[in-house]
Protein chains: 2
Amino acid sequence: MDSESGEAFPASIEAAWGLRERPHKGPKRGLTLERIVSAAVKVADEDGLDAVSMSRVGNELGSSTMALYRYLATKDELLTLMLDAAVGPPPPLPEGLGWRRGLESWATSMRAAILTHPWTVHLLMPKGPPATPNQLAWLDQFLRILQDTGLPVSAKLATQLLISGHVWSHVSITAAITLDTEPGSLRRWSEYEPFLRRVTGGGRLPGLRAALDEGAFGADPGAPDDHFVFGLERALDGIEAHIRSLR
Amino acid sequence: MDSESGEAFPASIEAAWGLRERPHKGPKRGLTLERIVSAAVKVADEDGLDAVSMSRVGNELGSSTMALYRYLATKDELLTLMLDAAVGPPPPLPEGLGWRRGLESWATSMRAAILTHPWTVHLLMPKGPPATPNQLAWLDQFLRILQDTGLPVSAKLATQLLISGHVWSHVSITAAITLDTEPGSLRRWSEYEPFLRRVTGGGRLPGLRAALDEGAFGADPGAPDDHFVFGLERALDGIEAHIRSLR
DNA sequence: GCAATACCGCGTATGTAATACGCAGAAGAG
DNA sequence: CTCTTCTGCGTATTACATACGCGGTATTGC
């Protein structure tokens, strides 16, 4: 009954939605997309994203490298599904919060979900419009939170762009600063302030220099959490004013 | 005279700042970091980021693959410098704009700079705190724009996080939707709306479904530009209210 | 029942990268 | 003039993703 247009998105994504339940002829399938993805997530949790190779994931399942390609067309699809699985669905929203508290909760939960599996940060760059189940579930929840605000749809989507961009930006910086303490790209936080002092010498970059002298980039890189809240609240203030202005 | 701490950041970044001018003994150097980076940028402009391999860049310079490693420790450093070079310095800021117009201009310029070389989108994920000259120049300009607002430094930085996150998020989505029309990951925009209708069937994802029925995801993917402006203005509204409240 | 068919897991092979290592020659230092 | 330090670069290693095809299996049409 479906039109034959079902080829628009990769088969693995269709499969993740539970569509595409082919009645099949050949031997029984030994694996499941779900099992593959969760094995890959486990590898990433344990040994980092770089450890996720097709052969490693195959081994983890007691299977071979190439068997996975019966379920996935490319590694990229695996990564997309890993992100979806690791972030998971949005936690259920308490009723009657009001849109503002709702969005605060949404943003905070998303940030937490991402940082639970730090490697997801490296997968946030979208490879296309959101299409996986959990990703769309988050979007859906966002839109439901704004349901009764009277905002037009396009404003709701634009709001989502702003808020999720903020989350994204925040987790990326956080990960880059606090988590990537690999000796390869040294860049230890403690070296950062002296470095900035050095390059802002001789009157270069006066704005930055002034910030340094006011104590930005001080000891504690935990400040980013405050930055997160600050930016979120300012954004919500702006949205709130706009919603009020619509009446 | 420098303390011996100069090893905090990769040598190539130090070199990009013009520090590290070693008086050298051996043969004259045949290349320059600058030439390498601009050759790499040229390759990316012509054939995409995936075409940028060490050997390809070497060839482009009439040199060998391994010669590059006298200037760069890893390919990652090359990518970092490519981003810096492609984005370039911020355009000079008109005087007397006021902070709000200033930030609008900053955000718009940054968006334009990134989209001038679409491949830069894939390099935006930070690998550490910003350290390259142009990157810091943008940050510097941002801070100077906020100079007379009375905001504490940490609020200025948090504001930068919010605004740049918005730019980032916007260009990423834009690139993912409009530019990645590779047949590999099909996902043509025109297939997106039908896809969403399919997965929101049966009462699933009601928020999304409502948005669909209101005409979101309609024909024209040029709407993201309006989304960009909307989000930016809301954010600035919030900042403005906050600045006012400080008096 | 039975053959044809479509699909399974997976071994093998290919191609492309990044990059470690070491050599031979060049140029400034003493 | 020799020693040291640095150069460009050839070679070799390692690690992947993934194309291709084989031999076997379970379902389907007769």
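This briefing covers the DNA contacts, the aromatic pairs and the fold of chain A in a predicted model. DNA strand C is surrounded by 26 residues, and both protein chains appear among the closest of them, including A:Arg70 and B:Lys75. Over all chains, a search of the whole structure finds 11 aromatic pairs. Chain A is built from 10 helices and 0 strands.

**Contacts with DNA strand C**

- The closest of the 26 residues around DNA strand C are A:Arg29, A:Ser63, A:Arg70, A:Tyr71 and B:Lys75. Of the atoms of DNA strand C that come within 4 Å of the protein, 60% belong to sugar and phosphate.
- The surface near the strand comprises 10 nonpolar, 9 polar and 7 charged residues.
- A:Arg70 addresses a base: an N or O atom of the A:Arg70 side chain is 2.5 Å from a base oxygen of DNA strand C.
- Chain B supplies contacts to phosphate oxygens of DNA strand C. A polar side-chain atom of B:Lys75 lies 2.5 Å from one such oxygen, and for B:Tyr69 the corresponding distance to a phosphate oxygen is 3.1 Å.

**The annotated region and A:Ser64**

- An unreviewed UniProt entry lists residues 53-72 of chain A as "DNA-binding region". In the model this span is 35% helix and 0% strand, and its end C-alpha atoms lie 13 Å apart.
- A:Ser64 is located in the loop between helix 3 (54-60) and helix 4 (75-87) of chain A. Because its relative accessible area is 38%, A:Ser64 counts as partly exposed.
- The A:Ser64 side chain makes contacts with the backbone of the chain. The backbone nitrogen of A:Met66 is reached at 3.4 Å, and that of A:Ala67 lies 3.2 Å from a polar atom of the A:Ser64 side chain.
- Between the C-alpha atoms of A:Ser64 and A:Gly202 there is a separation of 60 Å, with the two positions 138 residues apart along the chain counted as their offset.

**Aromatic pairs**

- A:Phe195 and B:Phe9 form a stacked pair, with 4.3 Å centre to centre and 25° between the planes. The pair joins two chains, because A:Phe195 lies in helix 8 (residues 189-199) of chain A and B:Phe9 in the segment before helix 1 (11-16) of chain B. Both A:Phe195 and B:Phe9 are buried.
- B:Trp106 and B:Phe142 form an edge-to-face pair, at 4.7 Å centre to centre and 80° between the planes. B:Trp106 belongs to helix 5 (residues 99-116) and B:Phe142 to helix 6 (residues 133-145) of chain B, so this pair ties together parts that are 36 residues apart in sequence.
- B:Trp106 has 1% relative accessibility and therefore counts as buried. B:Phe142 has 0% relative accessibility, so B:Phe142 also counts as buried.
- Ring pairs also link residues of both chains into a cluster made up of A:Phe9, B:Tyr192, B:Phe195 and B:Phe217.

**Charges over rings**

- In chain A, the charged end of A:Arg111 sits over the ring of A:Phe228, 4.6 Å from the ring centre.
- In chain B, B:Arg234 lies over the face of B:Phe230, at 4.8 Å from the ring centre.

**Overall fold of chain A**

- From the N terminus on, the elements of chain A run α-α-α-α-α-α-α-α-α-α.
- Chain A has 247 residues, of which 52% count as buried.

Conventions. Residues are numbered from 1 along each chain as its sequence is written. Chains are lettered from A and ligands numbered from 1 in the order in which they are written. This is a predicted model: local features need pLDDT of at least 70, side-chain atom pairs count only at pLDDT 80 or more; totals for chains, interfaces and linings use all residues. Side-chain values use heavy atoms; hydrogens and water are left out. A residue is near a molecule or strand if one of its heavy atoms lies within 4 Å of it. A polar contact is a pair of N or O atoms within 3.5 Å; within protein, one must be able to donate a hydrogen and the other to accept it, and residues adjacent in sequence count only if both atoms are side-chain atoms. Ala, Val, Leu, Ile, Met, Phe, Trp, Tyr, Cys and Pro count as nonpolar, Asp, Glu, Lys and Arg as charged, and the others, Gly among them, as polar. Rings of Phe, Tyr and Trp (its six-membered ring) pair if their centres lie within 6.5 Å; planes under 30 degrees apart count as stacked, over 60 as edge-to-face and the rest as tilted. Helices (H or I, at least four residues) and strands (E, at least two) are DSSP runs, numbered from the N terminus. Buried means under 20% relative accessible area, exposed over 50%, partly exposed in between (1.4 Å probe, protein chains only). A charge sits over a ring if NZ of Lys or CZ of Arg is within 6 Å of the ring centre and within 35 degrees of the ring normal. UniProt positions are given in the numbering used here, feature names are shortened, and annotations may be inferred rather than shown by experiment.
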